[in-house]
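Open the model in your viewer and keep the selection tool at hand. The stops below go from the DNA surface to the interior and then to the whole chain.

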Amino acid sequence: MTTETHNFYERVYTVVRQIPYGRVTSYGAIAKFLGAARSARMVGYAMNGSHAKDVPAHRVVNRKGLLTGKHHFEGTNLMQQLLESEGIEVVENEIQDFEKLFWDPMREL
DNA sequence: CTGATGACGTTGA
DNA sequence: GTCAACGCCATCA
């Protein structure tokens with residue numbers, strides 16, 4: 001972690017960093033964009049170090065638009081607070097109009 | 001090298 | 001349409 005930070009992680013951070021304001025995406029979409037469609041879990045796992053980066057992990061949720069990773073944030077509702085701060089409606093840890101707010105890297109990029 | 005873990009996704013019942 | 005189980009791949013011990 002001193003110099004390299006495996007390329008895989010950087011790839012994830014890069015894509016997540018490209019997520020526009022008020023938009024969200026899923027781990028699978030990022031994984032597929034990176035060429036590792038079967039490594040969706042790794043995308044989320046990689047986010048473990050995202051807190052030390054400028055990666056808006058709160059904009060990344062699972063395929064169902066559920067804030068599965070909110071438990072990994074400092075507070076209990078920090079992730080939801082950030083999303084709501086961007087105009088995203090979140091109810092019961094679930095993003096509303098997820099399909100509309102969904103940002104596809106392969107479609108936008 | 002083997003085993004276990006995980007912020008997911010897909011398929012089957 | 002909802003719930004449960006399996007699979008996949010990369011990282012850590």
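Which of the 18 residues around DNA strand B come nearest? Select Gly28, Gly44, Asn62, Arg63 and Gly69: these are the ones that come nearest to the strand. Bear in mind throughout that this is a predicted model.

**The surface near DNA strand B**

Next, select helix H2 (27-34) and helix H3 (40-46), each of which supplies at least two residues of the surface near DNA strand B. H3 gives the largest share, with five residues. Colour the surface residues by character and you will find 10 polar, six nonpolar and two charged.

**Helix H2 from the inside**

Stay on H2 and show its buried residues: Tyr27, Ala29, Ile30, Ala31 and Phe33. Now add what covers them, which includes helix H1, strand E1 (25-26), H3, strand E2 and helix H6 (105-108). Just after H2, stop at Gly35, where phi is positive, at about 95 degrees.

**The nonpolar core**

In soluble globular proteins, nonpolar side chains tend to be buried together. To see this here, turn to the largest nonpolar core, which has 26 residues. Select Val12, Val16, Ile30, Val43, Val60, Ile88 and Ile95, the residues with the most contacts inside this core. The elements that each supply at least two of the core's residues are H1 (7-17), H2, H3, E2 (60-61) and helix H4 (78-85). Ile30 therefore appears twice on this tour, as a buried residue of H2 and among the core residues with the most contacts.

Now centre the view on Val60. What is Val60 in contact with, leaving aside its neighbours within four places in sequence? The partners to select are Val16, Thr25, Tyr27 and Met47. Of these, Tyr27 was met above as a buried residue of H2, and Val16 as one of the core residues with the most contacts.

**The whole of chain A**

Zoom out and switch to a cartoon view. Chain A has six helices and four strands, in the order α-β-α-α-β-α-β-β-α-α along the sequence. Its C-alpha atoms fill a box of roughly 40 × 30 × 20 Å along the principal axes. A compact globule of 109 residues would have a radius of gyration near 13 Å, and the 13 Å of chain A agrees with that.

Two last colourings are worth trying. Colour by burial, and buried residues make up 32% of the 109 residues in chain A. Then draw the contacts with a separation of 6 or more: 57% of them are between residues 24 or more positions apart.

Key
Residues numbered from 1 in each chain as written. Chains lettered and ligands numbered in written order. Predicted model: local features only at pLDDT ≥ 70, side-chain atom pairs only at ≥ 80, totals over all residues. Near = placed C-beta within 6 Å. Nonpolar A, V, L, I, M, F, W, Y, C, P; charged D, E, K, R; others polar. Core = buried A, V, L, I, M, F, W, Y, C linked by C-beta atoms within 7 Å. Buried ≥ 20, exposed ≤ 12 C-beta atoms within 10 Å, placed from the backbone. Contact = placed C-beta atoms within 7 Å. Rg over C-alpha atoms; globule rule 2.2 N^0.38 Å.
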